[in-house]
Amino acid sequence: FAEGRFYPEDSWIGQMKREPGDLGFDPLKWSKRPGLDLKKSQLSEIKNGRLAMIGVASIFANHAIPGSVPFLTGFYATKPEKAQVGASS
């Protein structure tokens, strides 16, 4: 009903008319600047996104299993000894 211009109908068979994630949204024309290496910028954006996903997953893992992520201390982390003492009191 509402497929629109960017519906990935051919993506299942590997014949898309565009690259995945490229929806054509560039209102300020950042990709058209002279001297900009678009492929390098896209690669750095993908790497930053992957690091962010790993960071969020580690926060969730440390919340579920306290002390499971090394070097993660502070607001999101509690030591297992404190969690057990607090639960038994």
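**Reading a predicted two-helix model**

A: Start with the fold. This is a predicted model. The protein has 2 helices and 0 strands.

Q: How many of the 89 residues are buried, as a percentage?

A: Buried residues account for 4% of the 89. The protein exposes about 8,300 Å². Carbon and sulfur atoms supply 64% of that area.

Q: Which sign of phi should I expect, and where does Lys 29 sit?

A: Most residues other than glycine have a negative phi. Lys 29 is not a glycine, yet its phi is positive, about 60 degrees. Look for Lys 29 in the segment before helix 1, which spans 38–64.

Q: What should I check around a buried charge such as Asp 26?

A: Look for a side chain of opposite charge; a salt bridge needs the nitrogen and the carboxyl oxygen within 4 Å. Asp 26 lies in the segment before helix 1. Asp 26 is buried but has no salt bridge. The nearest side chain of opposite charge is Lys 32, 5.1 Å away.

Q: What lies 3.1 Å from a polar atom of the Asp 26 side chain?

A: The backbone nitrogen of Trp 30 does.

Q: Is Ile 59, in helix 1, buried or partly exposed?

A: Read the relative accessibility. Buried means under 20%, and exposed means over 50%. Ile 59 has 25%, so it counts as partly exposed. Ile 59 belongs to helix 1.

Q: How far apart are the C-alpha atoms of Ile 59 and Val 69?

A: They are separated by 8.1 Å. Along the chain, Ile 59 and Val 69 are 10 residues apart.

Methods. Residues are numbered from 1 along each chain as its sequence is written. This is a predicted model: local features need pLDDT of at least 70, side-chain atom pairs count only at pLDDT 80 or more; totals for chains, interfaces and linings use all residues. Side-chain values use heavy atoms; hydrogens and water are left out. Helices (H or I, at least four residues) and strands (E, at least two) are DSSP runs, numbered from the N terminus. Buried means under 20% relative accessible area, exposed over 50%, partly exposed in between (1.4 Å probe, protein chains only). Accessible areas come from the Shrake-Rupley method with a 1.4 Å probe; for residues, only the protein chains shown count as cover. Lys and Arg count as positive and Asp and Glu as negative; His and the chain ends are not counted. A polar contact is a pair of N or O atoms within 3.5 Å; within protein, one must be able to donate a hydrogen and the other to accept it, and residues adjacent in sequence count only if both atoms are side-chain atoms.
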